[in-house]
Amino acid sequence: MDSGIYSSGAERGRTLEASIDAARSALMSHRRDDGHWVFELEADATIPAEYVLMRHYLGEPVATELEAKIAVYLRRIQGAHGGWPLVHGGDFDMSASVKAYFGLKMIGDDINAPHMVRAREAILARGGAINSNVFTRFLLAMYGVTTWRAVPVLPVEIMLLPSWSPFTLTKISYWARTTIVPLMVLSVLKPVARNAKGVGIDELFLQDPKSIGLLAKAPHQNAALFKLFGSIDKVLRAIEPVMPKKYRKLAIEKALVFLEERLNGEDGLGAIFPPMANAVMMYDALGYGEDYPPRAIQRRAIELLLVDRGDEAYCQPCVSPVWDTALASHAVIEADGTQGSGAVRPALDWLLPRQVLDLKGDWAAKAPDVRPGGWAFQYNNAHYPDLDDTAVVVMALDRARKDAPNPAYDTAIARGREWIEGMQSDDGGWAAFDVNNTEYYLNNIPFSDHGALLDPPTEDVTARCVSMLAQLGETPESSRALARGIEYLRKTQLPDGSWYGRWGLNYVYGTWSVLCALNAAGLDHQDPAIRKAVAWLASIQNPDGGWGEDAISYKLDYRGYESSASTASQTAWALLALMAAGEVDHPAVARGIEYLKSTQTEKGLWDEQRYTGTGFPRVFYLRYHGYSKFFPLWALARYRNLRSTNSKVVGVGM
């Protein structure tokens, strides 16, 4: 974290070129010896709290020093409202608060300490822990705080269902798939945490926690469908005790086969924390010891997610080296301008062997004839490459080969493009990990109170794929995939001119992504869709010249963009969007550039505490520590480059 009190860039009289040089130098200083970048990826209180509770669930030796550091972190991020938010400075969140309180109590914090009293009062004032989400309820059931009646039935026999069944693993997203399979085994076995300290949290309930039943309908869920699926849950609950043992045994064996094919070494199942933790607890419940290789490897994978800052520590939900490296490479290429892309060649060469070429992942269930060719978000996650990373990597390789032709880059680009074209969904859009993952009815099952069970096409990922195809020379006339992608973007533009951003906060992120795509695809800058988006971006600029958007803009009853304090990353997105639309000379752009220059620190970077990344709207957000390091540099350099040319047209996809 680049914190501290510094005089602003404006006060120091730093020129645009000096700002770019300082930011570039700072970014390059974070590059690893082998050429790649990876920055911290921070979520909310839930992941570090779950890490602590997992250790005590398993009965592992108490890691006194580490837990003390995690406690410091959890206390620091407690909100003024007494609970814990999902984003920096955000509103109270029940599940995050319950888990953080439970984690701190497990670590040893006195429940009569002022911060614990404030947390407890905040939780009880909002109805108590009964209002926790489904994942928190599973944790509480495994700790014996509640009974298993408080969670939906997850029969492991789902593993035996035919592909035409209304619910199969191929019909849900990759993150749900990898999380739910070990959780189904746990649900059947109903293990109880060792919990050597005997810590409970009954004081967070207004009723006997063992009396509570299934959670209520979530706001996004259809009442009739929720009632239908609730009835199915009741039937399953009634017959679960008498399920034939041979089928249960077969289903568990099939679950283990599924998981062990995807354990992914020390990068972990799905390369994300929840599946890893569930897998370790599943193996424990099945009686496999700590030294059983699959369990031991998953446990080591979790340790690799820890961040220890000396005085405090936390657990990341995953790591983002491919994403960070690709985006940082774009920023440096932009900053180096006519000097070429030589500085990022080590980074791009690091990316090359991480392309997945020999494994058809879960995505192939709906695209069996497509050859693999994508990149994952993490160091390794071969079963789950994603289209966003792939498009960004391909565009970086393409920019580099224009400076210095490279046959290896040509080959990688061709395979990446082939995979992305094959992953286009029927509606013309692209999703993050899957194709045609649009069984929306499943978001009404009791388990899906988070509303994030699926991976449907989205505007931002579609825009990235359109940008890639256009940068590679395709036009709407030459490419049916590109034409369909543009049509998808046209029909998803909102009345105010913005586009939704699924993986970044939010309408600023989505609008940046789409304007880059439409420009790359050759749309006239006077096109009504572009004009409307430009007017919208200019209208939401903050008085200080920056842009900022709050996470509450994801609320279901959308009433328009929700303003927030300016951030460097969101300001950079808005600037890149406006410049892609041909507006380098727009007064809003000049003000935005001055905002970035004036908020740059002496280290050449920007302080950014706010979360501008999205895991799951309304449920889970991310603070990418790299965003404030490469996006502002990118915007400043783009501005300089356009101002120094006659055409003032962005000639690349991002």
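**Helix packing and a three-stranded sheet in a predicted model**

In this predicted model, helix H15 passes helix H17 in a left-handed crossing. The contact draws on Leu387, Asp388, Ala391, Val392, Val394, Met395, Asp398, Arg399 and Lys402 from H15, and on Val461, Arg464, Cys465, Ser467, Met468 and Gln471 from H17. When these residues are sorted by class, the contact of H15 with H17 comprises eight nonpolar, two polar and five charged residues. The axes of the two helices, H15 spanning residues 387-403 and H17 spanning residues 459-471, come within 9 Å and cross at roughly 25 degrees. Because angles under 35 degrees count as roughly parallel, H15 and H17 are described as roughly parallel to each other.

The loop between helix H16, which covers residues 407-422, and H17 contains Asn436. The phi of Asn436 is near 55 degrees, a positive value in a residue other than glycine. As a general background to this value, most residues other than glycine have a negative phi.

Apart from the helices, the model contains an open sheet of three strands, arranged in the order S1-S7-S6 with antiparallel pairing. Strand S1, formed by residues 41-42, and strand S6 are the edge strands of this sheet, each pairing on one side only. Between S1 and S7, which run antiparallel, there are two bridges, and Glu42 stands opposite Arg623 in S7. The pairing of S6 with S7 is likewise described as antiparallel and extends over three bridges, with Leu622 in S7 serving as the bridge partner of Gly613.

S6 and S7 also form a hairpin, in which three residues lie between the two strands. Arg618 is located in the loop that connects S6, residues 613-616, with S7, residues 620-624. Although Arg618 is not a glycine, this residue has a positive phi of about 75 degrees. With regard to solvent, Arg618 has a relative accessibility of 35% and therefore counts as partly exposed, since that class lies between the buried limit of under 20% and the exposed limit of over 50%.

Note on methods. Residues numbered from 1 in each chain as written. Predicted model: local features only at pLDDT ≥ 70, side-chain atom pairs only at ≥ 80, totals over all residues. Heavy atoms only, no water. Axes fitted to C-alpha atoms, helices over the stretch in contact; angles between N-to-C directions. Helix = DSSP H or I, 4+ residues; strand = E, 2+ residues; numbered from the N terminus. Parallel < 35°, antiparallel > 145°, perpendicular 65-115°, else oblique. Left-handed = near helix turned anticlockwise from the far one by under 90°. Contact = heavy atoms within 4.5 Å. Nonpolar A, V, L, I, M, F, W, Y, C, P; charged D, E, K, R; others polar. Buried < 20%, exposed > 50% of the residue type's maximum accessible area, 1.4 Å probe, protein only. Pairing = 2+ DSSP bridges.
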